[in-house]
Structure formats: C-alpha cells, structure tokens
Amino acid sequence: MDERVTRRALKRALDPGAGFPSATLLERSMGRLGERPAPVERRSGQRLAAAVAAVLVLVLVGVLLVARPHGAPAVEAPAAGTSPTRLGAPQLQLLPGGGAWLVERSLDGSALIFRTSDAGVHWTAAGRLPAFAKGAPGLAFHFFDERSGVIEVTPFHVASTVDGGAHWQIVDASQTVGGVVGADFVSAREGWALAVSQDVSVDVLWHTRDGGRHWERVSQPPLFVSAEANVVKIGFTSSSDGWLASGSVLQATHDGGHTWQRVDVPPAPGTSAAVTPDVPQMFGAEGLLAAAKVTATIPPTPLPTARGDVHIVVAQGRHEVYASHDGGRTWSFVREAPGEAWFSDARHGYAIDGPDVSRTPYAFTTTVSLTADGGATWTARRTVPLDAGWQESGLAFTGQLGLAAVFQPLPYPSPAPGVRATPSMPRYSVLRSTDGGQHWTRVPLPPQS
Amino acid sequence: MAVVSAEIGLVAGARAGDTVAFERLLGPWVTPGANLAFALLHDRHEAEDAVQEAAVKAWSKLHQLREGAAFGPWFLGIVAHECGSLRRSRWYRIPRGPLPEALAAPDERTADDDLRRAVARLNEKQRAAIVLHYYLDLPLDQVGQALGLSTAGVKSRLNRALKTLRPLLMAAEEDWADG
C-alpha cells in the first residue's frame, strides 16, 4: 500500500480536531518547571542519590533498615542471610484463608510463581512460565485456593494448575480467541474471555470448560462494550452469573454469558453524576461494588468523533461503595470510600488511597483503610512503608493480615540514535503485616535461580 | 541525526538553568507532543497533562540527552513514556467516549472509526511508532531515537502494525474517496 495513502488515512483518523492543543499549553508547561529543580541542581542530586543507592545495594545483602520520617511505620530487618530485594515485577493475590500467590515477571517475559500457606511467612516456588512473547507482556491471574489457579498472558495463553503449581497446563489460545480485552475464570478449568473480532468492530464473549483448550462463542452484540472506555472489566462469580463493567455501564448475565441485562447503579442521594462501576464482588445474595465518580469537571469540550461530540472531561473523582442484598439486581449507595475498595467478605474490606497521579511529582504515599461493616465506616491505618523513590505495586488484606509488594521504579532511559536502551528490572521487596498495616516485616522469597 | 548548532547552544543554556533557552527548545515540539499524546490517550485534557508532565521531566532530565542528539525526538519519547504511565496508573475508570445511547450501531461506524479503534488496540510501541512516523512524519531514525529502538526495530514494528491495519487503511481510504 502506498505510504502516502497510509499517511493520509491515519492523519484523518487520528486528527484531534480544531483548537487542539490549547494556545496556552507551552505557557502552562513552562509555568510548571519550578516544580522540579533546574537540570544542574538535579544532576548533582542524582549523583548523590546514585552514590547512596550504590552503597545501599552493597549493604542490602545483609540488612536494610532505613531511617524514615517521624510517624512512618517501622519495617523490621529481614532474617539474617537473606536478601530482601529481588529483581522483577511482582504481583500478588491473597486468599481468604491466609494463603497467597505471587507472580514475579522477568525481563525476558517469563514469570516465576511462588505461593505461601502460612500467611506469607514462608514461600515456596510454584513453577515458572516461559516467555510467550518478547518484552514484558500483559499478565493477569486468578487463584482460587492454595492448589488451583489460572494465569493469562498476552498474546492470549492460559496456564492453569490444580496441584499448587507442581504442574501447569499451558494452552496457546491466541489464534482461537484473538484480541482479548478482559477475561475471568471461576475455576482452573472454566472461564470467559471478552475478545475483539478480527475486523475490530465486534466484541465477542468466549467460554471454556477445559482450561482454554476449547472455546465456545457464547455472546455477540447487543453485549455492550464502550469503544473508548479505558477499562473493560469482566468478572464471573459462578458458571451462570457474571458481570461486565464498561465505562459507566454495568451489565449482568445469569445464563453463563449468553444474554446480558443492564443494571442500574443509582448515584448517591443528592448527586447526579453517573458512577463508573467496577465489577461487583458477590458473597451469596450480598454484594459490594466499588465505583468511581466524577466530582469536578472541566467545562465540557466537544471532541469530534464520527458518533457525535458528547464528552465528559474529568478533573477529579472520588471512590464510592454500593451494596446489594438481592444477588446484584438492585444497588444502593453505602458511602464514599477513602480509596479504591476491595472486599474479602460481605463485611470486611480495605481501601487503598494513592498514588495521586494528579500531583507532580506523584504522591506515592499509600494509605490503607479497613472496614468491618461493608463499607459503612472506615478506619484509616498507617501508610505502607516506602523508602524514598519506592512505590507500592501490589497490596492485599484479609482481616488484619496484609501483604504488599513494593518496588523501586527504573529511571527513564536516555535514548540515543541507533542505540537500544539497556534493559534492566526494578528491585522489589515483599512486606507482611499482621496488625492491619501498623507494622510491616520484609519477608524473603526463595532464590531466583 | 545532525543537530544544528543553534540547538546545541540552547541545550547548553537550558542545562545551565536558562528557562528561556528551554522554552525555545520546547516550543516547536509542544504541538507534535500534544498530537502524539492525543493519538495515544484519546483525551484532549489528558494529552495536554501528559505534555506538561513530559516538559517538566525533560527540564529536570536534560542532562540525560546525549551530546549531539536532537531534542525533539527525545522529548517525544518522554511524552510517549508519560502517556504509557498515565494509562497504567489511572485510578479512575471513566467513559472516554459518547454515552452508550449515543453510540451508533456497528454498521453505522465509519471506516475512520474502525481505523482509530484498531490503532488504539496496537501495543504501545507499535502505536507510538505508527503515530510518530505516519502521523507526525518523523523519519525512521528519529522514531528510533524517541522510542529507544534501532531503525531496523522501528521498521519491524511498523511492518507488524501495518499488517494489522492494512485492511482498515484501505477501507478508510475508499470511504474517503467515495465521500
């Protein structure tokens, strides 16, 4: 195809429309330079930071006990002879009984899997997944207990285990299912995948009963998926009941995904802004739903699209909790939550506040709040301890037990013509708390080799 | 890429803390940066936020710009990186498009819509490469500089992306020619 034609078509399709960017964008950008030190000052600061970091790396083989601001929670020293920091990108899932799984992604796209049966005190290796694609492809997992779980990796591969990670069934479903935008499993065998068909105009729901070996197409439009929604989430709580959250629309199925009905999530009393619901968490007939709501908007600016110029522009938002007592058919507002909320049963849950991406530099403090009455009241606990420059990448609570993965992000690589940035992985640690986040202990994982 | 001496002087001045020099460096790249961010984020305000964040980062990390390297592609690389961070770190989930009721049936969508959706579903590096080369008209070596890739790596990503997009590109072009 002619390169000129390619350019012309893409310029039309990606055109942001008139009046963009704002005439004041350069001025506003310049006005923010004061938020960061001038380059010269920064350089010396970074050299110092690099020197400190280098010393720390040497010392970290033994003990990492960093002085922290007054009031910040304490982190106990790790067990002697173990390194508290590892290389990789960790994600973790805490099970209701105190078991947990941790998936550590490596630079080459492979993943190491660990699990614990004693609330994170001891971890055992539970397998390694090979790289299915170069780089660091997307990865999501669903563990159901200490023995069974599913890991999905892009391009869509399904790895499942029913023996605690001793054996993994790995299926390449990328050719069958194609562009998956969301998937969920209710067991190591049964799951659903929402995919975009090859002509990218139709969203299709697929169903498997054998860990991804075979897929059945169970739904086509009018299943609604917002074309422009940032996040499409799909969640099933049984072989029949499932949820699809796409933008401000929540839909439910009670026949395994064949038919879908829209479910109303009414705004809080006295407010009118539509909520953006997450997939509900169901505990029998009781359900809890976390939602985001816009609380302040910049005056609407029309964004030309072929489907009209309607747009809501977000400036600020808040988190809310809704409850259902009839299996998710109707929902009512409970109260505002102090962060994005998760629940381990119909009463207990936790909310995480942060990071605040609207601030520069980002506010990477993470505050945990707990509820024991289904979100009606929240108790703020102390923040997850973060050394300077570290961020929290995974955090989960069940009751007073908490596990957190914290990592040190990589500096932005300086590209140069014809030179590929040298790849490296962030350092990370796993922290454990047994008192609802008041105190945290670094826990070691088995060797990476 | 050869860098003209005026830009070298501006980079040196900005590194010394001269904001006027930095503004002269940044100015020509604000609109391309915003267009890149819009193509990656599909949101005007987020795109402008990303450019502002990128400008602040470029200011504080200017010493990382290699001697003799051009400022523009380097800045666009920061914008692309910022867009990726923004997409990954969004704590809210807000509808980006028209309300569901306003959505047309699939058969009423235009070829440009489908092309835009297809671009949005490319992986980050492919999408950025497509936008930088075909939308912002950056030559391959500058796309490579922006994305930290070799020219061969850029070509490879473009070819893979075009393979996905080609039927939609043709449809969009036919639509345009008919319309």
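Colleague: When I look at the pair of helices α2(B) and α6(B), in which sense, left-handed or right-handed, should I read their crossing?

Modeller: In this predicted model, α2(B) passes α6(B) with a right-handed crossing. Helix α2(B) covers residues 19-41 and helix α6(B) residues 124-135, and their axes come within 10 Å of each other while crossing at roughly 140°. Since an angle counts as roughly antiparallel when it is over 145 degrees, that crossing makes α2(B) oblique to α6(B).

Colleague: Which residues of α2(B) and α6(B) make the contact?

Modeller: From α2(B) the contact draws on Asn35(B), Leu36(B), Ala39(B) and Leu40(B), and from α6(B) on Arg127(B), Ala128(B), Val131(B), Leu132(B) and Tyr135(B). Sorted by class, this contact has 7 nonpolar, 1 polar and 1 charged residues.

Colleague: Turning to contacts between the chains, at what angle do α1(A) and α6(B) cross?

Modeller: The axes of α1(A) and α6(B) cross at roughly 110° and come within 9 Å. Angles of 65 to 115 degrees count as roughly perpendicular, and therefore α1(A) is described as roughly perpendicular to α6(B). The crossing of these two helices is left-handed. On the side of α1(A), Glu3(A), Thr6(A), Arg7(A), Leu10(A), Lys11(A) and Leu14(A) meet Ile130(B), Val131(B), His133(B), Tyr134(B) and Tyr135(B) of α6(B). By class, there are 6 nonpolar, 2 polar and 3 charged residues in this contact.

Colleague: How far apart are the axes of α1(A) and α5(B)?

Modeller: Helix α1(A), residues 3-14, packs against helix α5(B), residues 111-120, with the axes 9 Å apart and at an angle of about 90°, which means that α1(A) is roughly perpendicular to α5(B). Here Ala9(A), Leu10(A), Arg12(A), Ala13(A) and Leu14(A) of α1(A) make the contact with Asp112(B), Leu115(B), Arg116(B) and Val119(B) of α5(B). Its residues divide into 6 nonpolar, no polar and 3 charged.

Colleague: Leaving the helices aside, what is the strand order of the open sheet in chain A?

Modeller: As a general idea, strands of a sheet pair through backbone hydrogen bonds, in either a parallel or an antiparallel way. In the present case, the open sheet has 4 strands in the order β3-β4-β5-β6 of chain A, and the pairing is antiparallel. Its edge strands, each pairing on one side only, are β3 (89-94) and β6 (124-129) of chain A. On average, and with direction ignored, neighbouring strands of this sheet are turned by 20° against each other. To follow one pair in detail, β3(A) and β4(A), residues 100-105, are joined in the antiparallel sense over 6 bridges, and Leu92(A) stands opposite Leu102(A) in β4(A).

Colleague: Where in chain A is confidence lowest, and where is it highest?

Modeller: Chain A has a mean pLDDT of 72, with 66% of its residues at 70 or more. Within chain A the lowest confidence belongs to helix α3(A), residues 39-59, at a mean of 32, and the highest to strand β9(A), residues 157-161, at 93. The pLDDT is also below 50 over residues 297-315 of chain A, a stretch that has 50 contacts in the model beyond near neighbours in sequence.

Colleague: What is the mean pLDDT of chain B?

Modeller: Chain B has a mean pLDDT of 77, and 82% of its residues reach 70 or more. Over residues 89-108 of chain B, however, pLDDT stays under 50, and the model has 49 contacts for them beyond four places in sequence. For the model as a whole, the scores are ipTM 0.83 and pTM 0.55.

Note on methods. Residues numbered from 1 in each chain as written. Chains lettered and ligands numbered in written order. Predicted model: local features only at pLDDT ≥ 70, side-chain atom pairs only at ≥ 80, totals over all residues. Heavy atoms only, no water. Axes fitted to C-alpha atoms, helices over the stretch in contact; angles between N-to-C directions. Parallel < 35°, antiparallel > 145°, perpendicular 65-115°, else oblique. Contact = heavy atoms within 4.5 Å. Nonpolar A, V, L, I, M, F, W, Y, C, P; charged D, E, K, R; others polar. Left-handed = near helix turned anticlockwise from the far one by under 90°. pLDDT = per-residue confidence, 0-100. Pairing = 2+ DSSP bridges.
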